[in-house]
Structures are given as C-alpha cells and as structure tokens.
Amino acid sequence: MSPRDFEKDYYAVLGVSKDADKTAIRKAYRKLARKFHPDANSGDAAAEERFKEISEAYDVLSDDVRRKEYDEARSLFGTGGMGGFRPAGGRAAGGFDFGDLLGGGIGDLFGGVFSGRRVGPRRGADLESATTIDFVDAVRGVTVPLRMSTPHACATCHGSGAKPGTAPRMCNVCNGTGHVSSSQGAFAFDEPCRACRGRGAVIDEPCPTCSGTGREVSDKTLSIRVPAGVSDGQRIRLAGRGQPGDHGGPTGDLYVVVHVRPHAIFGRRGDDLTLKLPITFPEAVLGATVALPTLDGEPVTVRIAPGTTSGRTLRVKGRGVHRRDGRTGDLLATVDVAVPSKLDTTARTALEAYRDATAGIEDDPRAHLHAAAGGNS
C-alpha cells in the first residue's frame with residue numbers, strides 16, 4: 001500500500017461504518033465479492049476492477065495491525081489522505097524534515113502497511129456456504145454432503161498463471177515491488193505499477209486454461225462433519241477449504257452456516273430439550289404417573305403430583321443434548337392441563353356434582369384480583 005492508498009475510503013468501499021467489527025466487515029466483503037467476482041461477471045472489466053477494490057479494502061480492514069495503521073494515517077493526514085504525495089527523501093522544500101515531525105521518519109510510520117503491496121505470499125479469501133439439517137441430527141451430530149463451486153489452483157499451470165513451459169517474469173518497471181515512484185520538485189509520488197497492474201510480475205504467455213489467473217472453478221462435493229449439539233445459525237470453520245492464496249500463500253477457510261429444521265414436539269434451550277406435556281384435569285387434581293417421550297425413542301415415566309397446575313416444569317436429568325465435554329443437558333417438560341371442549345351427559349353431571357360439592361370449601365382463585373381492585377378504588 002502506498003501513501004496514495006490512504007486517500008481511499010475502504011469503509012465506503014465495503015459499505016460499513018468506521019466502527020464496524022470484523023464480523024460485519026467479513027459479511028459485507030463476502031456479499032460484495034459474490035456479486036462482483038470475475039467468475040460471475042465473465043468479460044466485465046468494470047466488475048473485475050470493483051472486485052479488486054473490494055479485495056484490497058478487505059485485506060486492510062480485516063487485518064488488525066494494518067487497519068490500525070490505516071486509521072491512524074487517515075486521522076493524521078485527514079480524510080484526503082496525504083494529498084497523493086510524500087516528501088522526497090523525507091525532507092520538503094525549505095529544509096523542513098517530515099521525519100522530525102513524525103519522530104523516526106515517514107517510512108517507519110507507514111512501513112508496515114506499505115509491505116502489503118510487496119509481492120509475496122498472500123492468504124486466500126475465506127468462503128461461506130450453508131446447510132440445513134434435521135433437529136435430531138443437530139443434537140446427535142451428522143456428516144452431510146455439501147456441493148459447492150470452489151476455486152482451486154489451475155491444474156495446467158499449477159497456479160502460476162503462465163503457459164506450461166514458461167514462467168512469470170519480474171516486472172522490469174517496478175523491479176517486482178508492484179509500485180513505482182516519481183519525483184516532482186520536492187515531492188515523490190507512489191502509485192501502482194501500470195505495467196504489471198501492481199502484481200510485481202508479468203505473464204508474457206498466459207495459461208490457456210485459466211487465462212493467466214492461476215485458478216479454476218469446479219463443482220465438488222465435500223463431506224462436512226456437523227458436531228453433536230450444534231445450534232441453529234452456528235458457523236463451522238473448516239480450515240484450508242477456502243480460496244487458494246496468491247504467490248504460494250496459504251488457502252483461506254470455509255465457513256458453513258448450519259440451519260436446523262424445527263422438531264414436531266421438541267424444542268431446545270441451550271443444552272436442554274423442551275417439551276409441552278398435556279395432562280387431563282383428573283390427573284392434575286389427583287396426581288398420576290405418565291409416560292414422557294424422549295429424543296432417543298425410549299420413553300421415561302414421570303410423576304405428576306396431586307394439585308399440579310399448568311406451567312409447572314418437570315426436569316428429567318441427562319435426557320438433553322450431549323456436550324463435547326461429556327456433560328449432558330436435561331429434558332424439561334412443561335405441564336399443560338387440557339380442558340375438554342365437549343362433555344357427554346354423564347361427564348357433565350359428574351362435573352356439576354363436583355362443583356356443588358366444593359362450593360364454599362375451596363378458596364376463590366380470583367380472590368387476589370378482587371382484593372387488589374378494592375385496594376385501588
């Protein structure tokens with residue numbers, strides 16, 4: 001990165017705020033990269049340039065050190081960067097030494113960021129995909145096939161971009177640095193080398209398979225192991241399954257977002273499974289022992305205490321989600337007293353007899369409402 005690059009607003013390029021965290025920056029980059037990727041815009045030069053601009057912005061803002069230096073430089077010289085110039089030799093007209101102002105020289109201030117433009121190994125971009133699995137598989141773990149289009153090093157040129165039997169040569173204009181300097185009076189300008197488009201190398205005979213890009217895109221199926229206990233929306237990182245790096249750099253990572261289909265009767269709260277347990281009115285009043293289904297198919301029996309009301313939660317230890325550390329969540333059954341919508345003559349007569357028998361014996365369940373209303377009058 002040259003001083004001129006500090007004039008670029010990388011936050012605006014990605015469409016994020018200056019206080020955006022790394023997750024927001026990564027999300028914005030992936031969205032734009034998919035839209036402007038050369039593979040999706042074949043022959044569109046404008047889209048290719050936009051993709052390079054997006055990648056350049058992400059390279060800086062995704063790196064904590066380079067982002068800090070970029071922000072500090074923009075803050076020091078204003079949003080207009082350095083006005084596109086730097087003092088030649090560190091000293092401006094009139095004998096004023098910029099090194100004196102910055103304490104150690106302007107090269108020291110930007111050296112770490114400038115190194116990002118030097119030709120060398122560069123890590124490949126991360127990729128993201130998604131898969132949808134059943135609730136039971138999310139609890140137990142499952143291996144799923146994931147079909148996706150992935151870039152990889154060209155099999156013909158092995159990633160060099162050059163026709164077999166040839167090799168890229170160092171750019172003799174910038175001597176492999178990827179940028180050139182020119183002096184105008186007291187100032188020197190840095191800009192990307194036009195001969196090699198900032199790459200530092202020139203390919204005289206491009207590979208016929210990849211047209212000099214060094215990459216191919218193919219469809220393949222990956223076997224993805226989803227661990228037990230994964231939750232809906234969780235991202236799984238697969239190291240080294242992303243986009244190939246440049247100039248021998250490491251491959252990026254693949255992130256798989258897992259979506260979980262809801263279950264017909266079970267829910268989930270952390271490592272606990274949840275279940276609504278309907279019981280009859282007599283069971284709620286008199287108590288009962290009822291069978292409770294579990295996710296593994298083996299029912300368990302639970303005791304309903306006499307006088308149990310709707311909303312009470314029963315806990316069955318160890319029948320929840322198994323965790324990686326060996327611990328297991330519980331099964332939480334919330335009681336729901338079922339009220340019959342229809343009664344035959346015998347049942348109605350019996351219920352009316354119960355009502356008459358308990359009149360004046362049972363406490364009024366709405367007594368607290370009347371008391372509160374009276375206290376506010």
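Two helices, α8 (281-286) and α9 (345-358), each supply at least two residues of a nonpolar patch, and that patch is where I'd like to start today. Please keep in mind that we are looking at a predicted model.

So, who is in the patch? The members are F281, V285, L286, L343, L351 and Y354, and they sit on the surface with about 530 Å² of accessible area together. Which helix gives the largest share? That is α8, with 3 residues.

Let's pick out one of the members, L286, which you'll find in helix α8. Is L286 buried or exposed? Its relative accessibility is 64%, so L286 counts as exposed, because the cut-off for that word is over 50%.

Now for the rings. The structure holds 4 aromatic pairs. One of them joins two patch members we have already met: F281 and Y354 meet edge-to-face, with 6.3 Å from centre to centre and 75° between the planes. Why is this pair worth a look? F281 belongs to helix α8 and Y354 to helix α9, so the pair ties together parts that are 73 residues apart in sequence. As for their surroundings, F281 is partly exposed, at 38% relative accessible area, and Y354 is also partly exposed, at 33%.

Elsewhere, Y10, Y11 and Y70 form one aromatic cluster.

Last stop: charges over rings. The charged end of R26 sits over the ring of Y255, 5.9 Å from the ring's centre. R50 lies over the face of F36, and there the distance to the ring centre is 5.2 Å.

That's my tour, so do turn the model around and find these residues yourselves. Thanks for listening!

Notes: Residues are numbered from 1 along each chain as its sequence is written. This is a predicted model: local features need pLDDT of at least 70, side-chain atom pairs count only at pLDDT 80 or more; totals for chains, interfaces and linings use all residues. Side-chain values use heavy atoms; hydrogens and water are left out. Patches are made of residues with over 30% relative accessible area and no salt bridge: like charges are joined within 9 Å, nonpolar side chains (Val, Leu, Ile, Met, Phe, Trp, Tyr) within 5 Å. Accessible areas come from the Shrake-Rupley method with a 1.4 Å probe; for residues, only the protein chains shown count as cover. A salt bridge is a side-chain nitrogen of Lys or Arg within 4 Å of a carboxyl oxygen of Asp or Glu. Helices (H or I, at least four residues) and strands (E, at least two) are DSSP runs, numbered from the N terminus. Buried means under 20% relative accessible area, exposed over 50%, partly exposed in between (1.4 Å probe, protein chains only). Rings of Phe, Tyr and Trp (its six-membered ring) pair if their centres lie within 6.5 Å; planes under 30 degrees apart count as stacked, over 60 as edge-to-face and the rest as tilted. A charge sits over a ring if NZ of Lys or CZ of Arg is within 6 Å of the ring centre and within 35 degrees of the ring normal.
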